[in-house]
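Welcome! Have the sequence and the 3D view open, and try each task on your own before you read its solution.

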Amino acid sequence: MPSPRIYVLNGPNLDLLGEREPHIYGTQTLADLEALCRRATASAGVELLFRQTAAEHQMIEWLHEARRAAGVVINPAGFCYHSVPVLDALLACECPVIEVHISNIHRRAEPWRAHSLLAPAATGMITGLGLDGYRLALEHLLQRIAGSAH
Ligand code: CA2
């Protein structure tokens, strides 16, 4: 049997993690985030696909690929404020989807950041816990996978 697949998908500008706005997004880089996600899943017998893109079509293709995966963790970044195509791709996912934001989108200086267009397509959302939000999302997915195995 192939290992269950978990996708961790990151949207536009998250490749700048650790380089700018450390007071909001911290000092760790995208590579550090990938390492954290790999550590979180290392002994669980799952395949982790960790990706980042600024291209909407690419994100949609990855979501199509992930439709029947074991789970998706997505930080859609700016896509969550305007992308109906990403929303539709998320709605087509048959697996649990956890939307993660590093910052607390409800506490940001710009009130518009609080409203994610994608939230109705998510199983749950973690916002404001920094990179730890990804670890918690992965832990949750691993528990669901373990629970569905018996
Ligand atoms: O808090 C988050 O994770 C966000 O999804 C990040 C998005 C922002 O538009 C959302 O409101 C909240 C922006 C990502 C920009 O990422 C940067 C990271 C480091 C330095 C500069 C930008």
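Below are six exercises on this predicted model, each with a worked solution.

**Exercise 1. Where is Asn75, and what does its side chain touch?**

*Solution.*
Step 1: Find the element. Asn75 sits in strand E3, which covers residues 71-75.
Step 2: Judge the accessibility. The cut-off for buried is under 20% relative accessible area. Asn75 has 3% relative accessibility, so Asn75 counts as buried.
Step 3: Look for a polar partner. The side chains of Asn75 and Tyr134 make a polar contact at 3.2 Å.
Step 4: List the other company. Leaving aside neighbours within four places in sequence, the contacts of Asn75 include Leu9, Asn10, Gly11 and Leu14. Val100, His101 and Ile102 are also among them.

**Exercise 2. Which residues of helix H4 are buried, and how are they arranged around the helix axis?**

*Solution.*
Step 1: Mark the helix. H4 runs over residues 84-91, and Val86, Leu87, Ala89 and Leu90 are buried there.
Step 2: Look down the axis. The buried residues of H4 fall within an arc of 165°, so they line one face of the helix.
Step 3: Ask what covers them. The cover includes helix H3 (56-65), E3 and strand E4 (97-101).
Step 4: Check a residue of H4 that is not in the buried list. Asp88 belongs to helix H4, and with 44% relative accessibility it counts as partly exposed. Across space, Asp88 and Ala121 are 8.3 Å apart, C-alpha to C-alpha, though 33 residues separate them in sequence.
Step 5: Inspect the N-terminal end. Ser83 caps H4 there, with a side-chain oxygen 3.0 Å from the backbone nitrogen of Val86.

**Exercise 3. Repeat the search for helix H3: which residues are buried, and what do they pack against?**

*Solution.*
Step 1: Collect the buried residues. In H3 these are Met59, Ile60, Trp62 and Leu63.
Step 2: Look down the axis again. The buried residues of H3 fall within an arc of 160°, so they line one face of the helix.
Step 3: Name the partners. The buried residues of H3 pack against strand E1 (5-10), strand E2 (47-52), E3 and H4.

**Exercise 4. Is Phe50 buried or exposed, and which residues is it in contact with?**

*Solution.*
Step 1: Place the residue. Phe50 is part of strand E2.
Step 2: Compare with the cut-off. Buried means under 20% relative accessible area. Phe50 has 12%, so Phe50 is buried.
Step 3: Read off the contacts. Without neighbours within four places in sequence, Phe50 is in contact with Val8, Asn10, Leu30, Leu33, Glu34, Cys37 and Arg38.
Step 4: Measure one distance in your viewer. From Phe50 to Glu21 you should find 23 Å, C-alpha to C-alpha, for a separation of 29 residues in sequence.

**Exercise 5. What is the phi of Glu21 and of Ala77, and where are these two residues found?**

*Solution.*
Step 1: Recall the background. Most residues other than glycine have a negative phi.
Step 2: Read the angles. Glu21 has a positive phi of about 50° although it is not a glycine. Ala77 also has a positive phi of about 50°, and it is not a glycine either.
Step 3: Locate them. Glu21 is in the loop between E1 and helix H1 (22-25), whereas Ala77 is in the loop between E3 and H4.
Step 4: Add the accessibility. Glu21 has a relative accessible area of 34% and is partly exposed, while Ala77 is buried at 15%.
Step 5: Look at another residue of the E3-H4 loop. Gly78 is found there, and at 31% relative accessibility Gly78 counts as partly exposed.

**Exercise 6. What is the volume of the largest pocket, and which residues are closest to its centre?**

*Solution.*
Step 1: Read the volume. The largest pocket has about 430 Å³.
Step 2: Find the centre. Of the 20 lining residues, Pro12, Asn13, Leu14, Tyr25 and Ala77 are the closest to it.
Step 3: Sort the lining by class. There are 10 nonpolar, 6 polar and 4 charged residues.
Step 4: Connect this with earlier work. Ala77, with its positive phi, is one of the residues closest to the pocket centre, and Leu14 from that group is also in contact with Asn75.

How values were computed. Residues are numbered from 1 along each chain as its sequence is written. This is a predicted model: local features need pLDDT of at least 70, side-chain atom pairs count only at pLDDT 80 or more; totals for chains, interfaces and linings use all residues. Side-chain values use heavy atoms; hydrogens and water are left out. Helices (H or I, at least four residues) and strands (E, at least two) are DSSP runs, numbered from the N terminus. Buried means under 20% relative accessible area, exposed over 50%, partly exposed in between (1.4 Å probe, protein chains only). A polar contact is a pair of N or O atoms within 3.5 Å; within protein, one must be able to donate a hydrogen and the other to accept it, and residues adjacent in sequence count only if both atoms are side-chain atoms. Contact means heavy atoms within 4.5 Å. The arc is that of the directions from the helix axis to the C-beta atoms. On a 1 Å grid over the protein atoms alone, a cavity is a set of points where a 1.4 Å probe fits but cannot get out, and a pocket is an open set with protein on both sides within 12 Å along at least five of seven lines; lining residues have an atom within 4 Å of a point. Grid points are joined across faces, edges and corners, and a volume is the space filled by probe spheres set on the points. Ala, Val, Leu, Ile, Met, Phe, Trp, Tyr, Cys and Pro count as nonpolar, Asp, Glu, Lys and Arg as charged, and the others, Gly among them, as polar.
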